[in-house]
Structures are given as structure tokens and as C-alpha cells.
Amino acid sequence: MRKAIQWGMDRILSVRAMGRARRWVTRDSDRPLVFYGWDHIPGPGEPIHGGLVKFQKLQGLYPNSPRHYNLVYLLSSSMPGYAPAMAAAARAQGAKVVWNQNGVAFPAWHGAGWERTNAPMRRLLHLADHVFYQSDFCRRSADRYLGERQGAAEILYNPVDTGVFRPAAADPAPGRLTLLAAGSHEQRYRVETALETLARLRRWRPDARLILAGRFNWRSSPGAARQDILAIGRRLGLLEAIDLRGPYTQDEAPALMREAHVLIHTKCNDPCPALVLEALASGLPVVYSDSGGTPELVGPDAGIGVRS
């Protein structure tokens, strides 16, 4: 039954995608007209998360053009459900397809069904005219779980504007050590690890504090996750040392970075965290999980990797 339902949905999406491509793929322009797969990409002052941040930045050079395009640029970590059908239909009408490959599903964290989750990415990886792997870790992961690509491809890390993200002109908190944990906190362990690190650090630096910013998504609601954070902080005796904040926009991110001395990035096997690049551009050393693509970004001199 599940396969029949899935087949029916795929068929409907394919027909709709073909109709859209016939109407809106254009051949009358000698410059790239880019469609990112979404009708709306938020602007810099709007909340955004994950891979869409890349498209938000790219819009400055190549505005999203959902109804008049000759190039489709899709990203694995922010992929619309109809992406494979839409890309195939657009390509059949003469448009070029660029695929940005981030992380993949693998058995250790995904569990049963990881092959099904990977199926759309596998199709797009081999269908695209050009592929950007977000890190060498992403390339190696894709080779293993999606199949080695034979066409044009290269590694391209996430972008950071060093004219916007830059070091603070002065110490943001003289005499007090400020840590930052930010981004999309999809799993509880990321925040809990940061808080436990702070608790240990305060044995030697009682002045240390932690700014927790971003999206907290491991519970039924952000409010429930925040209560979870406060409960952990209470258990560790840290409530007075935690500055708990919510989601932030890309316009707000540079100032946030300049409030801290060190970024703590606790996510395991993160493929290519733009947050880390923004912190490095802002002059922050990074303490991170020594896994995934993060070591490629930090290198041997800009932080410390911690093996799990």
C-alpha cells in the first residue's frame, strides 16, 4: 500500500513538474536565470536556517526566478519534495541543473529506511549537469552511499562574506570568558554537551558564560525545548551563566559572533557548517567535534577538535 501511494504521489508531482518546466524554462537569455526550487527565498532580514542561507546569499547576484529560468540550482539539505521530477523535467526542456550535495543518510544515525531517504539525492546527484560537494567529507559520503558520480563535480565550501563577518574592534566582555553555541539545534545532545562543557570550564574559570542562540527543535515545540535547556542548566547549577536566546537572522549574525570569545560546535559529523566559517571570519577560535567536514574548515591552527 505504501509503495502504491508513493507511486501515485510521484506520478502527480512528475506531471506537475513537467507542466511547470514547459511553461517557464526559457531559452531567450544569454545570462543565468536561476530557480532555487522554492517560490520564495527569505531576504537577509527574515529568519532562515540550514542550506537556504546559501540561497539567501546567492540571491544578491542571481535573484530567484521561479517563472523564467534556464538554470535550476538545488541543495540536498533544503530540497523540495518534487525536486527530482522538477529537475528532470527542466533538463528535458533545455535547462541546466546544478546540484549541491551536503550530507547523506547513513545507518548509524538514520536507522531503517536510510536507503529510501537517500533515493532522491541519488537521482539528482547523477542527473545534474554539475555537482558541488560542500566538503571532501560530503564527497566521500556521497561516493559511499549514493554511488560515485562520473560527471563534472568539485568541492566548494559554504560562502562567508569577510566584509560583514569580521573580528570585534575590542574585547566584547573584558574579564569574562564568553562561549557561543549557535545554529540549528536539532538534537538535544548538542546543547547538553555545550552546557556540560561550561560546567567543567567554570571549575577553573568561574566567570565563564554561554550564549545559546538559534533554533531548538528536539521537542514538540521550541518552548518545550527551552524548558528542557533550563532544566539541564538548573541541574548543573548554571542558570546565572546561560544567556538563552531564540532564532536570529543573517543580519543579526555578525553582531552575535562579536559578542563571544569562542565558538563551541558540538554536532557530530556536520558536513560543512557555515556557522563555523562565520565564526572564524569573526576571529573566534572553534572547539568542535572532530568529525565530519568541520576539521577541513578549521584546519590545524584555528581551533581544537575533540574526539568523541
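Here are three short exercises on helices in this predicted model.

**Exercise 1.** Work out which residues of helix H6 (residues 136-145) are buried, and where they sit around the helix.

*Solution.* Start with the list: Phe137, Cys138, Ser141, Ala142 and Tyr145 are the buried ones. Now recall that an α-helix has 3.6 residues a turn, so residues three or four places apart point the same way. Look down the axis of H6: its buried residues fall within an arc of 130 degrees, so they line one face of the helix. Next, check what that set packs against: strands E3 (96-101) and E4 (130-133), plus helices H4 (107-110), H5 (114-127) and H11 (294-298). Just after H6 comes Gly147, with a positive phi near 100 degrees.

**Exercise 2.** Describe how helix H7 (residues 188-201) packs with helix H8 (residues 222-236).

*Solution.* Take the axes to begin with: they come within 10 Å and cross at roughly 25 degrees. Angles under 35 degrees count as roughly parallel, so that label fits H7 and H8. The crossing is right-handed. On the H7 side, the contact includes Val191, Leu195 and Ala199, while H8 brings in Ile229, Ile232 and Leu236, among others. Sort the contact residues and you get 6 nonpolar, 1 polar and 5 charged.

**Exercise 3.** Do the same job for helix H3 (residues 83-92) and H5.

*Solution.* Here the axes come within 9 Å and cross at roughly 20 degrees, so H3 and H5 are roughly parallel. This crossing is left-handed. H3 contributes Ala83, Pro84, Ala85, Ala87, Ala88 and Arg91, and H5 offers Pro120, Arg123, Leu124 and Leu127. The tally is 8 nonpolar, no polar and 2 charged.

Note on methods. Residues numbered from 1 in each chain as written. Predicted model: local features only at pLDDT ≥ 70, side-chain atom pairs only at ≥ 80, totals over all residues. Heavy atoms only, no water. Buried < 20%, exposed > 50% of the residue type's maximum accessible area, 1.4 Å probe, protein only. Helix = DSSP H or I, 4+ residues; strand = E, 2+ residues; numbered from the N terminus. Arc of directions from axis to C-beta. Contact = heavy atoms within 4.5 Å. Axes fitted to C-alpha atoms, helices over the stretch in contact; angles between N-to-C directions. Parallel < 35°, antiparallel > 145°, perpendicular 65-115°, else oblique. Left-handed = near helix turned anticlockwise from the far one by under 90°. Nonpolar A, V, L, I, M, F, W, Y, C, P; charged D, E, K, R; others polar.
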